[in-house]
Amino acid sequence: MREEDIKVIRAARQGKLDALSVLVRNYQDFVYKTAYGVLQNKSDAEDVTQETFLKVYQSLKDLRDEQTFPTWLARITVRKSLDVIERKRRQPVVELKEEQCDDTWNMFGIEARLDLDRAFRQLDQDQRTILVLRELHGFDYDQLAHVLDIPIGTVRSRLHHARVKLRRLLLNERGETLNGM
Amino acid sequence: MECKDIQELLSEYGDGEIAETELQQVKAHISVCGDCRQMVADQQTLKGMFQEYFQSVKTPLQMEQIVLQQIRRSRQDAQVLRLTMAFLALIVLITVGIVGIMVSPIGALVRGLLRVFFTVVQGGLYTTSTMGHLWYSVVVAFCIILAGVSLFGVMRLMRAVNDEVYL
């Protein structure tokens, strides 16, 4: 973690709103993309982003080691996202339309994105969560165990099963090999 | 080790999280097994796909403002709650204080002082009733002063709230 980030976290912990503003600016992508990865829904990801930073504002004083801020933040984001899934499970609502694409595609092919989107949605929430944390944020296995509050053996097996299932689903969509996607 | 056993280790192999003893076995196996080699390659492809997939997921432009707005609102709510609690505590304290004074020996003195106060007020009222139309002028002047003070108070309060919002 950069020294600059640590200073910002310390200032935000003292209740300084301008420091908190910098923190939100620096980590909003981290939180939003994690929430979107788990929930696969823009509106829910926005809600979780708001709730997560509100929690950060309220609980930052409890964070003892600034170096652990990313894992601490990921933990809050994941919990908030899983809360949304749980809430929806208890009060199911009719989704107006399935969100599959964003307006911005970069260089990533539309078909490849749709295939990954479809396959990713078929994973269960735990598998989506661990893949997002590993592939997007690059957390190591110890950090994953801490964020998800599971033994390291479970991290290994969950990642393995998630990847095997995702690969199988994509191969069903795309054919013999993933290369060229 | 068979393919099935090796494949269970490929995920951690690709992540660089495999134990040293197993690493050598996996390396030896994939050098001779095309299927397992392909699985490792697919895993790397998936990593790349993920990165690109999430690059296309964009955080809404107004997210930062929305989040900060909510934090400010929560901060204000907490402040209002603190002030309300302080106000209620003050009311309780004053009530307890008054009752305490009234039942104590000092109460007699306080009651005497109150009687003097009411007598002065009554005298004032009697005086104004003898003033005729001048009485209305006094009331109007008093109202104007009161309105002025209230307006000043409200403006100060609004300025304080604005300062809080634009912090």
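Across the interface of chain A and chain B in this predicted model, 19 residue pairs are in polar contact, both partners at pLDDT 80 or more. Six salt bridges are counted between chain A and chain B. One of the charged pairs is R156(A) with E12(B), which form a salt bridge. The closest N and O atoms of R156(A) and E12(B) are 2.7 Å apart.

On the side of chain A that touches chain B, five elements each give two or more residues: α2 (17-39), α3 (42-59), α5 (110-122), α6 (125-136) and α8 (152-174) of chain A. The most comes from α2(A), with 11 residues. By class, this side of chain A has 22 nonpolar, 13 polar and 14 charged residues.

In terms of contacts, 49 residues of chain A meet 36 residues of chain B. The size of an interface is often expressed as the accessible area lost when the parts come together. For chain A and chain B, the area buried between them is about 4400 Å². Carbon and sulfur atoms account for 60% of that area.

D15(B) shows the interface at the level of a single residue. This aspartate sits in the loop between α1 (3-14) and α2 (20-30) of chain B. Its relative accessible area is 9%. D15(B) therefore counts as buried, the cut-off being under 20%. The side chains of D15(B) and R163(A) are joined by a polar contact of 2.7 Å. Leaving aside residues up to four places away in sequence, D15(B) touches R134(A), Y141(A), L159(A) and R163(A) in chain A. Within chain B, D15(B) touches Q43(B) and K47(B), with the same sequence neighbours left aside.

Nonpolar packing was examined next. In soluble globular proteins, nonpolar side chains tend to be buried together. The largest nonpolar core here has 64 residues. Within this core, L23(A), L60(A), F69(A), F120(A) and L166(A) touch the most other members. The largest share of the core, 13 residues, is supplied by α2(A). This helix thus recurs: α2(A) also gives the most to the side of chain A that touches chain B.

Apart from the largest core lies another, of 11 residues. Its members include L10(B), L23(B), V26(B) and C33(B).

The surroundings of F69(A) give a closer view of the largest core. With residues up to four places away in sequence not counted, F69(A) touches M1(A), I9(A), L23(A), Y27(A), V56(A), L60(A) and L63(A). Among these partners, L23(A) and L60(A) are themselves listed with F69(A) as touching the most other core members.

Methods. Residues are numbered from 1 along each chain as its sequence is written. Chains are lettered from A and ligands numbered from 1 in the order in which they are written. This is a predicted model: local features need pLDDT of at least 70, side-chain atom pairs count only at pLDDT 80 or more; totals for chains, interfaces and linings use all residues. Side-chain values use heavy atoms; hydrogens and water are left out. Contact means heavy atoms within 4.5 Å. Buried area is the accessible area (1.4 Å probe) that two parts lose on being put together, summed over both. A salt bridge is a side-chain nitrogen of Lys or Arg within 4 Å of a carboxyl oxygen of Asp or Glu. A polar contact is a pair of N or O atoms within 3.5 Å; within protein, one must be able to donate a hydrogen and the other to accept it, and residues adjacent in sequence count only if both atoms are side-chain atoms. Helices (H or I, at least four residues) and strands (E, at least two) are DSSP runs, numbered from the N terminus. Ala, Val, Leu, Ile, Met, Phe, Trp, Tyr, Cys and Pro count as nonpolar, Asp, Glu, Lys and Arg as charged, and the others, Gly among them, as polar. A nonpolar core is a set of buried Ala, Val, Leu, Ile, Met, Phe, Trp, Tyr and Cys residues joined through side-chain atoms within 4.5 Å. Buried means under 20% relative accessible area, exposed over 50%, partly exposed in between (1.4 Å probe, protein chains only).
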